[in-house]
Amino acid sequence: MRRRIAVAATVALASSWAVGAAAPAYATGPCGSGYTRIDVYDISTKSGVKKGSLELYYSSASGKNCALAYGVGSTYGTTTYKSVSIARSGDYWTPDFGDFKYYAGPVYVSAANTCIDLEGQIGSDADRVVNGVHCG
C-alpha cells in the first residue's frame with residue numbers, strides 16, 4: 001500500500017511539474033516576451049468568407065513589430081497553405097509561408113517611428129494586404 005501511495009505521489013508531482021514548466025512559455029505570447037497585440041485584421045475571400053486572422057503585435061522595448069496569420073474555422077487545425085509578411089512601408093518583405101496546421105509566423109520588423117505593411121493569406125483564395133499602418 002505504501003508503495004502505491006509513493007508511486008501516485010511521484011506521478012502527481014511529475015504532472016504538476018510538467019504543467020508548471022509549460023506555463024511561462026505560454027505566458028509570453030506568440031511573439032515572445034514584451035509584445036502586446038495592437039491590431040487584428042480579417043483574412044477573407046473576395047465573397048467575404050472569413051478564413052483567417054492577421055494579428056499584429058508591438059514591443060515598445062525593442063521597437064519591433066511582429067505578425068502572424070491564423071487560420072479560423074475549417075482552416076484552423078487543418079494543414080493548409082498559410083502565409084504572413086511584414087515590412088517597413090515600401091521596404092522588403094519578411095515572409096513566412098507553407099503548409100501549416102494553425103498559423104504562419106511569427107515574422108518581425110524593426111519599425112519604431114515608421115509605418116508598416118502587412119500581408120496574410122490562407123489557402124489560395126483568401127488574402128489581406130494592409131499598407132501604411134501604425135506609423136510611430
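Here are four short exercises, each with a worked solution, on the structure shown above.

The model is predicted, so local features need pLDDT of at least 70 and side-chain atom pairs count only at pLDDT 80 or more, while totals for chains, interfaces and linings use all residues. Residues are numbered from 1 along each chain as its sequence is written, and side-chain values use heavy atoms, with hydrogens and water left out.

**Exercise 1. The overall plan**

Find how many helices and strands the protein has, and what share of its residues is buried.

Solution. Start with the terms: helices (H or I, at least four residues) and strands (E, at least two) are DSSP runs, numbered from the N terminus. There are one helix and eight strands. Along the sequence they give the pattern α-β-β-β-β-β-β-β-β.

Next comes burial: buried means under 20% relative accessible area, exposed means over 50%, and partly exposed is in between (1.4 Å probe, protein chains only). Of the 136 residues, 33% are buried.

Finish with contacts, meaning heavy atoms within 4.5 Å. Among those between residues at least 6 apart in sequence, 47% join residues at least 24 apart.

**Exercise 2. A pair of rings**

Describe how the rings of Tyr-70 and Tyr-103 are arranged.

Solution. A pair of aromatic rings is described by the distance of the centres and the angle of the planes. Rings of Phe, Tyr and Trp (its six-membered ring) pair if their centres lie within 6.5 Å; planes under 30 degrees apart count as stacked, over 60 as edge-to-face and the rest as tilted. By this rule there are three aromatic pairs. For Tyr-70 and Tyr-103 the centres are 5.2 Å apart and the planes stand at 50°, so this pair is tilted.

Now place the partners: Tyr-70 is in strand 3 (residues 64–71) and Tyr-103 in strand 6 (residues 103–110), 33 residues apart. Tyr-70 is buried because its relative accessibility is 17%, whereas Tyr-103, at 36%, is partly exposed.

**Exercise 3. Two salt bridges between separate parts**

Work out which parts of the chain are tied together by Glu-55 and Arg-37, and which by Lys-51 and Asp-125.

Solution. A salt bridge is a side-chain nitrogen of Lys or Arg within 4 Å of a carboxyl oxygen of Asp or Glu. The count comes to four.

- Glu-55 and Arg-37 form one, with their closest N and O atoms 3.3 Å apart. Glu-55 lies in strand 2 (residues 50–59) and Arg-37 in strand 1 (residues 36–45), so the bridge ties together parts 18 residues apart in sequence. Glu-55 is buried at 11%, while Arg-37 is partly exposed at 48%.
- Lys-51 and Asp-125 meet in another, at 2.9 Å from N to O. Lys-51 lies in strand 2 and Asp-125 in the loop between strand 7 (116–122) and strand 8 (126–133), so this bridge ties together parts 74 residues apart in sequence. Lys-51 is partly exposed at 21%, and Asp-125 is partly exposed at 39%.

**Exercise 4. One more bridge**

Are Lys-50 and Asp-42 buried or partly exposed?

Solution. First check the bridge: the closest N and O atoms of Lys-50 and Asp-42 are 3.1 Å apart. Then read the accessibilities: Lys-50 has 40%, so it counts as partly exposed. Asp-42 has 36% and is also partly exposed.
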